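This report covers one sheet and one pocket. Please look at the structure below first.

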Amino acid sequence: MKNIIYLLFTGAPGSGKGYLGECTINELKAQNKITETEAEIIATGDLIRAEVKSGSDLGKQIKAVMEAGQLVSDEIVERLLMKNLIESQAKLIIFDGYPRTVAQVDCMLRIAGNTSVIIIHRDTPTELILERVKKRRICSKCGKVQTNEHDNCIECHAPLAIRKDDAVIEQRLALYQQETLPALEMLRLCYGSSTYTVNGQQEATETAKMLIENQLANLFD
Ligand code: ADP
């Protein structure tokens with residue numbers, strides 16, 4: 001991998017875009033295309049939840065916004081994102097859930113400059129999203145998002161909780177239509193041939209393998 005690459009995973013809340021990002025990195029590592037330190041996932045939802053958990057003034061300010069199913073302001077998300085991006089040494093950065101608004105696409109264009117940007121839209125039917133969100137749990141300690149398959153976190157074994165914002169999933173799906181679909185349209189205009197839509201009904205590990213074989217193959221020569 002010669003240059004820095006940004007992979008932008010987008011999709012509705014609960015579409016499984018974050019999980020697909022994780023599977024893609026894991027598969028790239030398994031195929032020895034990248035090393036442990038070369039790749040990083042930046043998930044704006046995780047950054048926001050971490051800020052809330054820290055109890056900072058900013059965290060207190062954004063807690064209610066997030067739990068009401070609203071989007072956190074573009075300025076705040078940009079600030080949290082930049083802090084992480086500046087510190088990152090990774091050559092492959094997966095953005096999970098950013099950009100979500102047209103203003104955030106503007107920001108991404110500024111940040112990316114000449115970096116190679118690839119957009120992957122996980123297109124998942126609403127019924128499946130609602131089903132998945134019902135089963136979604138978050139670790140009360142480490143914040144890992146997972147399913148209700150286990151009673152405790154698969155990584156740190158702490159108890160799992162239901163995410164408060166999952167109770168307002170309908171509201172978040174409406175915001176997705178209103179704010180994020182226009183942003184996706186703009187990404188398509190800017191990055192045209194590097195924008196791919198994948199089937200959200202397909203098992204994410206399979207989709208990740210297909211992406212690596214087809215769309216991402218020449219990035220790792
Ligand atoms: P989901 O994929 O289910 O939307 P996330 O963890 O990505 O879950 O996001 C959770 C919440 O964090 C969002 O509902 C929103 O309040 C906030 N959030 C995450 N990313 C952004 C963003 N790029 N812009 C504004 N708010 C965001």
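In what sense, and over how many bridges, do β5 and β6 pair? The model is predicted. In it, β5 and β6 run antiparallel and pair over three bridges. Across this pairing, I138 sits opposite V145 in β6.

**The sheet**

The sheet is open and has three strands. Their order is β6-β5-β7, and the pairing is antiparallel. β6 (145-147) and β7 (160-161) are the edge strands. Each has a single partner strand, so one side of each lacks a neighbour in the sheet. Helix α6 (residues 126-135) packs on this sheet. The helix touches β5 and β6, and its direction makes about 40° with that of β5.

**The pocket**

Now to the second largest pocket. Its space comes to about 420 Å³. Its lining is made up of 19 residues. Those nearest the centre are R49, K53, M66, I138 and C139. I138 thus appears twice: opposite V145 in β6, and among the residues nearest the centre of the second largest pocket.

Three elements each give two or more residues to the lining: α2 (44-54), α3 (57-67) and β5 (136-139). Of the lining, the largest share comes from α2, with five residues.

What is the make-up of the lining of the second largest pocket by class? The table gives the split.

| Class | Lining residues of the second largest pocket |
|---|---|
| Nonpolar | eight residues |
| Polar | two residues |
| Charged | nine residues |

β5 links the two topics. The strand pairs with β6 in the sheet, and β5 also gives two or more residues to the pocket lining.

How values were computed
Residues are numbered from 1 along each chain as its sequence is written. This is a predicted model: local features need pLDDT of at least 70, side-chain atom pairs count only at pLDDT 80 or more; totals for chains, interfaces and linings use all residues. Side-chain values use heavy atoms; hydrogens and water are left out. On a 1 Å grid over the protein atoms alone, a cavity is a set of points where a 1.4 Å probe fits but cannot get out, and a pocket is an open set with protein on both sides within 12 Å along at least five of seven lines; lining residues have an atom within 4 Å of a point. Grid points are joined across faces, edges and corners, and a volume is the space filled by probe spheres set on the points. Helices (H or I, at least four residues) and strands (E, at least two) are DSSP runs, numbered from the N terminus. Ala, Val, Leu, Ile, Met, Phe, Trp, Tyr, Cys and Pro count as nonpolar, Asp, Glu, Lys and Arg as charged, and the others, Gly among them, as polar. Two strands pair if DSSP finds at least two bridges between them. Contact means heavy atoms within 4.5 Å. Axes are lines fitted to C-alpha atoms, for helices over the stretch in contact, and angles run from 0 to 180 degrees between N-to-C directions.
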